[in-house]
Amino acid sequence: MRAVPAPKVWVTGLTVGAIAVVAALAVQADKGAKPEATGVRPSATASASPSAGATKPAATAVPDDSGTGRRIVYSLGEKRVWLVDASDAARRTFAVWPGTLSPDPGDYTVGTRSGDPITGSDGVRIEHVVYFAVKSGKNIAFSNAVDGSSPPPPAAGTQTGGIRMKKADGSALWTFGETGTAVVVVK
């Protein structure tokens, strides 16, 4: 007579098999996304704030009032950006440091971009500058500091239109936000 494995052995075997399948699918999905080529990766976690070291579950839900299709979504209230693909899935989301001058809620388009480092209105060397709006005669743009730092507090009365992010997020937005890409600003 043949011995039948205990139920624990079956459960363990099924669990190990399921983990192997999930890992294989994750590797396959990662290869299909070609993150090196696009610079855009889905994000499972995000910092509580750009300067905090602790992580929390990302606010992965794209705001309901942000339109449809491939776009960059910027939430003024959440101080957060989503890179949304054509299927309306958030490919990446991250916290940002807004300037003192915010764009009005509405629909915009990436107009120009500057890949070479320049000096921002706050005196910081920035790169991956993606311009999409003008307010009070000032350009509004996404960017990151060349050295990866957070922006300094602006001088009293200074208007800055830079929306800063971590260096890796700036790189991803630069790759995603080609000229003509839709930008939707929500409250």
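How many aromatic pairs does a search of the whole structure find? The count is 3. Keep in mind, as you click through, that this is a predicted model.

**Stop one: the rings.** Select Tyr 108 and Phe 132. Their rings form an edge-to-face pair, 5.7 Å centre to centre with 75 degrees between the planes. Tyr 108 sits in strand E6 (residues 106-109) and Phe 132 in strand E9, so this pair links distant parts of the chain, 24 residues apart. Turn on the surface: Tyr 108 is partly exposed, at 21% relative accessible area, while Phe 132 counts as buried at 7%.

Now add Phe 142 to your selection. Phe 132 and Phe 142 are stacked, 4.7 Å centre to centre and 20 degrees between the planes. This pair joins strand E9 to strand E10, across 10 residues. Phe 142 is buried, with 0% relative accessibility. Bring in Tyr 74 as well, and you have the cluster that ring pairs build from Tyr 74, Tyr 108, Phe 132 and Phe 142.

**Stop two: charges over rings.** Select Arg 70 and Phe 176: the charged end of Arg 70 sits over the ring, 3.9 Å from its centre. Then try Arg 113, which lies over the face of Trp 174 at 3.6 Å from the ring centre.

**Stop three: the largest pocket.** It holds about 240 Å³ of space. Of its 16 lining residues, Gly 120, Ser 121, Tyr 131, Asn 139 and Gly 162 are the closest to the centre, so start there. Colour strand E10 next, since E10 gives the largest share of the lining, 4 residues. By class, the lining has 5 nonpolar, 9 polar and 2 charged residues.

Technical notes:
Residues numbered from 1 in each chain as written. Predicted model: local features only at pLDDT ≥ 70, side-chain atom pairs only at ≥ 80, totals over all residues. Heavy atoms only, no water. 1 Å grid on protein atoms, 1.4 Å probe; cavity = no way out; pocket = protein on both sides within 12 Å on 5 of 7 lines; lining within 4 Å. Points joined across faces, edges and corners; volume = space filled by probe spheres on them. Helix = DSSP H or I, 4+ residues; strand = E, 2+ residues; numbered from the N terminus. Nonpolar A, V, L, I, M, F, W, Y, C, P; charged D, E, K, R; others polar. Phe/Tyr/Trp six-rings, centres within 6.5 Å; stacked < 30°, edge-to-face > 60°. Buried < 20%, exposed > 50% of the residue type's maximum accessible area, 1.4 Å probe, protein only. Lys NZ or Arg CZ within 6 Å of the ring centre and 35° of its normal.
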